[in-house]
Amino acid sequence: MSARKSKPMKATTLPFLVEIGTEELPPKSLKKLALALLANFETLALSESLLPPGARNEVYFSPRRLALYVPALRLRQPDRDEERLGPAVSAAYDAEGKPTKAAEGFARSCGVEVSQLERRQTDKGERLAYTIHISGEPASAVLPDILTEALAKLPIGKRMRWGAGETEFVRPVHWVLMLLGDKPLKAELLGKRAGNKTYGHRFHHPAAIAIKRPADYRKQLEKTGKVLLEDQDGSLARKIGALVMAAAEQVHGKPVLDPALLEEVAALVEWPVPVTGSFDARFLSLPDAVIVAVLEGQQRYFPLRGANGKLLPHFITVSNIQSRKPVEVKRGNERVIVPRLTDAMFFWELDKGLRLDTRVAELDKVVFQKELGSYGDKRRRVNTLAEGLARNIGGDPVLAQRAGNLAKCDLLSNLVGEFPELQGSIGRYIAEANGEAAETAVAIEEQYLPRYAGDRLPETKTGQALAIADKLDTVCGIFAIGQKPTGDKDPFALRRAGLGLMRIITERELDIVLIPHVRSALMALPIQGKNQEALVKDIYEFLLERLRAYYLEAGIRADVFEAVRARNPGKPLDFQRRVQAVNAFLALPEAASLAAANKRIANILRQAGGQVSQDPRTELFQDAEEHTLHDKIQELYNTVLALIHKDDYRGALKHLAALRGPVDAFFDKVLVMAEDPAVRANRLALLSSLSALFLRIADLSLIQVD
């Protein structure tokens, strides 16, 4: 007998690829656009039931393209049943049992006769109902709409039009590639018919490249098209960093690899080639920050430092072409920075000869914000705040006041006028040249720290006090004039300022009760609101929300944050210690059981209502488990309170973990809501005393237990 051949199973998923080819995209926002495209597509494709759960999808981008690669996309949506509810049965039939117009209208909307409708019992009574079977659409029919919506939702500040069409995008679109498996999708996107062709490097391979399979796309672009793509993991930025490191070794230097610059360069080049250049050593007499600003900020070059940490008269730039005349490329890059460094040298010679303290009065002529006054007004407010904060954290109030007076004077310098990103740094250099105290000079620079996520924090007490005061004045001022951040809009960068302020307090372990300083900042403003306390609460909540985002990024769960927030600690440092303690507690084997017990206790006490005592009477205990639990609470009570008093919340929770056995036994054996009112009240009191001990740290009833 011959074996019967089984038919191969038809694939239910296929890889999917889409690429939008454009003119050069904005490099500083390219990664943000790419990540938004991936997130938008995944959200929409999941809602349309086209993405299997758990798949890792990729986003690729280069200066002239945005692309998505989905390794497994469902070929069609699953069929589904949709239940529709109609009018109440009482309104669907008249006294004689005949259908009313309401019933007939509902039946018509479902495409059936009234007799085919069902009756369904709901929480709002008995209603007419009908279940409609909906066949799933093929992916090829749904994808163009998904992509159109995903692209429309991209965070593009200003969209462009091109040609005679009405299509808008961040840059003019030249081609669209769209493959589902090995078949091009017949669709139109951003005014272009989709196909299976992409284009390589503008100079190395400008011709079209046919992509046969989505999985081959990235390798084929690199091999044939001379295009290296960046992805959501930053693989190209890392490759560029390695190329720059290797090139720097040739001149015995170590590159300054700023992550933001690496990301920007990865969005500027498709075929990175490192080029080493040099400049006249006389420019090394400039402050380091000025040289770095010229090389990084103006030219996208990577500065080099020697073994002693000092800048070398060399740099690495990354070209987008493998030139046949690399020497000419090198000379061109060297030539272009000479006038910029020369200008910087001229401005520095002018600025370093001036005293900062002679320019303080001029700050009154520079507007900070029209409703909040001049920089002179801000200087006076920040001065007062910084002096008080310095006293709070063990700093020198005299140094804080001096630093506060001089902090904004470098805004009037020539160099900051040319390089705004150097505000603070130039002030420090001029202050050092003026002979100011070392800590005062450093604090002038530290007032702006941290400048971005992950940036360093102020080291000096004066710098910490000044940085907190400056950020707090800005946050409170903008809130007071009713311009707090909304949605994606944050023109005054208050979220960054708020997070920076909270990071300084928590990571530098500053024992500050923040709300009184918020009140002081508000009282110093030229605008006074009618309900200051509501504004104080609003600002403090805003600052706590910055911590929430910070913790989430660090891998700390939202329910841990909420458990601590429910206790409303007044000190950010205290808040931090409690969060860290609860997070560590969740790793203990007893944590899940005790969190569930706290949730159960909270529900029982809530249902009991009224005032529940926390002083149970031992003579009313009827079961051994009541005695055991009570004895264990009493045994731990003083130790736990002593640890809490020392802010050792982690140690306190570790001791409280010993309650798991007695708590589990209590709930297994004891009926809390006993018939005898006295026994019931006593058992509630026992649970209340247990809950109160945990509540001294956090509300564990808010922890989500699997």
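Here are a few notes on the salt bridges in this predicted model.

1. Let's start with the overall count. A search through the whole structure turns up 55 salt bridges. The points below look at some individual pairs.

2. One pair worth a look is E436 with R355, whose side chains meet in a salt bridge at 3.9 Å, N to O. E436 sits in the loop between α13 (425-433) and α14 (438-446), while R355 belongs to the loop between α9 (326-352) and β20 (367-369), so this contact ties together parts that are 81 residues apart in sequence. As for surroundings, E436 counts as buried at 15% relative accessibility, because the cut-off for buried is under 20%. R355 is partly exposed, with a relative accessible area of 35%.

3. Next comes a link between helices: the side chains of R381 and D473 form a salt bridge at 2.6 Å, N to O. R381 is part of helix α10 (residues 375-392) and D473 of helix α15 (residues 461-480), so the pair connects parts that are 92 residues apart in sequence. Both R381 and D473 are buried.

4. For a pair within one helix, have a look at E545 and R548, where the closest N and O atoms are 3.0 Å apart in a salt bridge. These two residues are three apart in helix α18 (residues 532-553), and about one helical turn separates them. E545 is partly exposed, at 25% relative accessibility.

5. Finally, there is a network to trace in your viewer. K378, R381, K408, D470 and D473 are joined into one network by salt bridges that share partners. The R381 and D473 of point 3, which meet in a salt bridge, are thus members you have already seen.

Technical notes
Residues are numbered from 1 along each chain as its sequence is written. This is a predicted model: local features need pLDDT of at least 70, side-chain atom pairs count only at pLDDT 80 or more; totals for chains, interfaces and linings use all residues. Side-chain values use heavy atoms; hydrogens and water are left out. A salt bridge is a side-chain nitrogen of Lys or Arg within 4 Å of a carboxyl oxygen of Asp or Glu. Helices (H or I, at least four residues) and strands (E, at least two) are DSSP runs, numbered from the N terminus. Buried means under 20% relative accessible area, exposed over 50%, partly exposed in between (1.4 Å probe, protein chains only).
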